[in-house]
Structures are given as structure tokens and as C-alpha cells.
Amino acid sequence: MEEVKCYMPQTLAEALQIRKDTGAQPLAGGSDLMVANSRGAGIVPGFKKPILIISNLPELKGIRQLEDGTVEIGALSTSWEIHTSPVTHPLLKDAASRMGAIALRNSATIGGNIGNASPKGDMPQPLILLDAEVVLQSVDGERRMKVDDFIIKTKVTAIRDDELITKVVIPPQKFTHIFFRKIGMRRSNAISKLTLSAAANIQDGVVVDFRASSGAAGPKVERSREVESLLIGHKVAELPDLKGAFLDAWCSDVIAPHAMPEYRRNATRRMLEYFIDSLVAGHPEGRVE
Amino acid sequence: MYNDVRFTLNGQPMVYTGNPLRRLLDVLREDYGLTGSKEGCGEGECGACSIIKNGKLVTPCIIPVGSIQGAELLTIEGIRDTEKGKCIIEAYAEGGAVQCGFCIPGMVMATYVLLNENPDPTEDEIRLGISGNLCRCTGYDLIVESIHLAAQKGAALWKK
């Protein structure tokens with residue numbers, strides 16, 4: 001196999017120009033691309049396209065909170081940085097802290113996790129619940145889109161050949177209750193078999209907001225505002241009567257697991273029901289364990 | 001644009017001019033003769049190749065050498081003669097942590113990072129600290145006990 005060209009830009013401007021001129025594939029942490037293209041010990045991985053190593057671009061690093069509570073996460077932020085940041089949302093911290101092994105969490109980046117568009121990717125799942133946006137930059141400018149719209153299906157995103165993911169933007173959140181589960185083969189160092197985030201905002205006994213997102217349960221992270229709306233605006237006291245329709249819709253229509261579908265539908269149903277029942281039982285505000 | 005890769009390896013400044021897409025693990029083993037890092041899975045899951053990059057544990061089997069521009073790398077060869085390194089190695093020997101030994105360099109690197117960050121870890125914290133390092137021989141218990149031993153015996157070292 002012929003060796004592909006590799007570019008090592010020092011600045012974002014340089015990287016964007018190379019991206020435009022060559023369409024080279026961006027490589028950030030390498031944890032997906034190096035494995036996907038591996039040819040074994042002692043052999044250079046068999047990349048099919050030229051590679052643009054963006055690992056060291058200072059413009060894509062750092063996590064900050066803006067005055068209105070919006071959180072901007074540089075695309076090169078690692079899982080560890082996201083997990084330990086004082087300003088990232090707890091649901092995103094949970095997902096980041098459970099990705100792979102310790103060493104992987106020090107390499108893998110949020111931009112890569114989104115761009116790789118695996119339905120088992122850990123971070124897109126809470127990001128989609130949180131209405132997060134990706135910022136896509138090219139030499140011609142910048143555009144933003146919801147992570148939910150950016151990831152189209154397994155391994156397919158809306159990125160153009162001249163763009164780089166530069167940031168992830170999470171709007172301010174107002175939830176009284178949050179819930180996160182990751183099911184894997186073991187507690188650490190495991191790929192997700194099934195994940196779920198759920199969040200609710202309960203004010204004066206009324207469900208002001210309710211969201212859920214399911215990972216590893218379809219060709220992409222699955223969320224449905226339409227099904228969520230079955231619960232929104234109702235009193236908590238009405239949830240026992242409403243939850244059946246919600247759970248039926250979520251577990252049969254929203255998620256679309258291709259393997260072991262009965263297991264994934266049942267496990268998702270039980271997790272969501274547990275969360276809803278906790279709300280009905282008056283669980284104190286915060287994380288539902 | 002960078003035309004080479006400059007980094008620090010066990011305290012020595014290095015300039016790498018080869019293919020930036022080679023795996024850092026291959027460069028360490030073949031170009032620099034640092035064979036303490038072992039290749040197990042080649043996918044960042046087993047931890048046998050673990051080294052320390054800017055103070056953090058990483059697996060060089062999934063890192064292209066072109067991405068470590070400016071980094072400070074420490075391998076097992078860089079810590080084995082230090083006080084902290086000797087403390088861990090002696091504790092592993094005394095505690096009987098080693099059977100075949102293949103996972104041990106990576107395990108020692110994970111221990112080094114763990115004790116630097118947490119000089120007095122609980123058993124759970126130790127198990128979490130080495131959760132990315134797989135061992136097929138020991139069943140882990142003697143490794144966990146040996147890490148306890150390293151924390152106790154080296155207390156002053158780790159607390160700085």
C-alpha cells in the first residue's frame with residue numbers, strides 16, 4: 001500500500017487551508033482512526049486518504065463558560081478534560097468518564113467522538129439530549145448545527161470536505177432531575193452495549209421539561225421531541241397514567257436496535273420507567289441513581 | 001506547518017523526521033530501543049504499552065507519532081531508576097505482583113500516575129487506577145496489594 005500524505009499544521013488557519021485544498025481527513029486523538037486503519041505491529045496504519053493531524057492546534061483546545069451559562073468545549077478537549085472540568089454538564093461528565101480505559105480518555109476527543117458518528121459513541125448521547133451544537137469552520141466561514149442534525153446515521157455526518165469541527169456549544173440547562181446509565185460488559189474499559197440519559201425539570205408539581213436520549217439503540221443516538229412532549233406540561237401526579245403510552249412509543253418507535261432488539265427495548269423501557277417512577281415518588285432534586 | 005516532530009523523551013529532547021503516521025509504540029520500540037512498552041491488543045484496550053504523556057497515562061499503540069509535537073513522554077525506562085520507580089518495582093517484587101510479566105511495565109506506569117495523583121488510594125481507587133491494564137495471570141489481587149505496599153512504603157515520595 002502506498003503511503004498517504006500527512007500534514008502537520010501549526011495553526012487553525014493553516015489546517016483549514018489544507019483541508020480545503022486536499023480534503024485530508026482530520027486526526028485528533030487517533031483513538032478511532034488508528035484502530036480502524038491498523039495493520040498490526042511495526043506497520044504504518046493503512047490510511048486511505050491523506051491525513052491532517054490537528055492534535056496540536058491551540059485554537060481547538062479549552063473549555064469555557066460564557067456569562068449566560070453557555071459552555072463552549074474546544075473540539076480537542078479529551079474525555080478526561082471534560083470529566084474533570086468544573087463547568088461541563090453532569091450528564092456529559094458521566095458519559096466522558098465511562099469511555100473506554102483511563103489511557104484512552106486521555107487521548108480521545110469530543111470532536112472525534114462526534115465526527116466518528118458511531119451509534120455507540122459515548123458523548124453524542126448526552127450532547128443530543130442537551131441540544132448541543134457543533135461549530136464547523138472552513139476558510140469561507142463558520143456554521144453551526146445541532147449535534148442531532150449533524151450526525152445523520154452510523155459513520156455519516158453533515159461535515160463538508162473543507163470543514164473542521166472546532167467547538168461544541170452547550171446551551172444553559174435547567175433540570176431538576178437527571179439520570180444516566182451505561183450498560184457494558186464490565187464497569188471499566190467497556191464499549192457501550194446500551195446507554196440512556198434522561199432529564200426532567202419539575203416546577204410546582206408540573207413537568208416543565210422532559211428529555212431522553214438513547215445510545216447504541218439504533219443507527220444513531222435516538223431522541224424524539226414528539227414523544228417527550230407526551231409528558232411535558234402535565235402534572236407529575238398524571239405520570240403514572242401517561243407513562244405507558246410514552247414508554248410504548250419510545251421503546252417501539254423511537255429506538256431501532258439492529259442487534260438483540262428485545263433486550264435493548266426492554267432494558268431501555270425499564271430504565272426510563274425507573275426514572276419516571278422516581279419522579280412520581282418525589283425523588284429529591286439532583287441525580288437519580 | 002511542522003516538518004518534523006519535536007518532543008521530550010525521558011528528559012531528552014528528540015527530533016523525529018520519519019513518517020508522522022507511524023504508531024508511537026513502534027517508534028519507541030524500533031527507533032529508540034525502548035522495548036519496555038509491550039504490544040498487547042494494539043487497540044488501546046489492554047494497557048500493556050502504557051506510557052506517560054504530559055503527566056497522563058496514554059497508550060502509544062493508538063497514537064501517531066505526528067500528534068505528540070511538544071509533548072513530554074516518560075516510558076518505563078525513564079522511571080525505573082528514579083526513587084518513585086524503584087519504590088513501585090520493589091513493592092511489586094515484594095508483593096509477588098508479577099507472574100509472566102508482560103503487563104507489568106504498563107501496570108507500573110499506571111501505578112506511577114495513580115500514586116502521583118493520589119498518594120493514599122483505597123482498594124477501589126487502586127482498581128480503578130489500573131482498570132485499563134489487563135493481566136491474564138495474576139487475578140489482580142497481588143498487584144492491588146503491591147500498589148498498597150508502594151503507597152505505604154513510599155509515602156513520603158508520593159506526598160511530595
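## Where the two chains meet

Two residues are in contact here when they have heavy atoms within 4.5 Å of each other. Going by that rule in this predicted model, 36 residues of chain A are in contact with 31 residues of chain B. Putting the two chains together buries an area of about 2800 Å², and carbon and sulfur atoms give 62% of that.

What about polar links? The count of salt bridges between chain A and chain B is 0, while 8 residue pairs are in polar contact across the interface, with both partners at pLDDT 80 or more. On chain A, the elements that each supply at least two residues to the side touching chain B are β1 (6-7), α1 (12-22), α2, β3 (51-53) and α5. Of these, α5(A) has the largest share, with 3 residues. Sorted by class, this side of chain A holds 21 nonpolar, 12 polar and 3 charged residues.

## The largest pocket

Now for the empty spaces. The largest pocket comes in at a volume of about 1300 Å³. Its lining is made up of 49 residues. If you'd like to find its centre in the structure, look for A:D32, A:L33, A:G112, A:N113 and A:N116, which are the lining residues nearest to it.

Several pieces of chain A help to build this lining: β2 (25-27), α2 (33-36), α6 (110-115), β9 (156-157) and β10 (164-170) each bring at least two residues. The largest share belongs to α6(A), which puts in 4 residues. As for the mix of classes, the lining has 21 nonpolar, 17 polar and 11 charged residues.

## The second largest pocket

Next up is a pocket with a volume of about 880 Å³, the second largest. It is lined by 28 residues, and those nearest its centre come from both chains: A:I102 and A:R105 on one hand, B:L128, B:G129 and B:S131 on the other.

The elements tell a similar story of two chains. From chain A, α3 (79-84) and α5 (102-105) give two or more residues to the lining, and from chain B so do β4 (56-58), α4 (104-117) and α5 (123-129). Which element gives the most to this lining? That's α5(B), with 5 residues. By class, the lining of the second largest pocket splits into 9 nonpolar, 10 polar and 9 charged residues.

## One helix, two roles

One element turns up twice in this tour. Helix α5(A) has the largest share of the side of chain A that touches chain B, and α5 (102-105) of chain A is also among the elements lining the second largest pocket.

Notes:
Residues are numbered from 1 along each chain as its sequence is written. Chains are lettered from A and ligands numbered from 1 in the order in which they are written. This is a predicted model: local features need pLDDT of at least 70, side-chain atom pairs count only at pLDDT 80 or more; totals for chains, interfaces and linings use all residues. Side-chain values use heavy atoms; hydrogens and water are left out. On a 1 Å grid over the protein atoms alone, a cavity is a set of points where a 1.4 Å probe fits but cannot get out, and a pocket is an open set with protein on both sides within 12 Å along at least five of seven lines; lining residues have an atom within 4 Å of a point. Grid points are joined across faces, edges and corners, and a volume is the space filled by probe spheres set on the points. Ala, Val, Leu, Ile, Met, Phe, Trp, Tyr, Cys and Pro count as nonpolar, Asp, Glu, Lys and Arg as charged, and the others, Gly among them, as polar. Buried area is the accessible area (1.4 Å probe) that two parts lose on being put together, summed over both. A salt bridge is a side-chain nitrogen of Lys or Arg within 4 Å of a carboxyl oxygen of Asp or Glu. A polar contact is a pair of N or O atoms within 3.5 Å; within protein, one must be able to donate a hydrogen and the other to accept it, and residues adjacent in sequence count only if both atoms are side-chain atoms.
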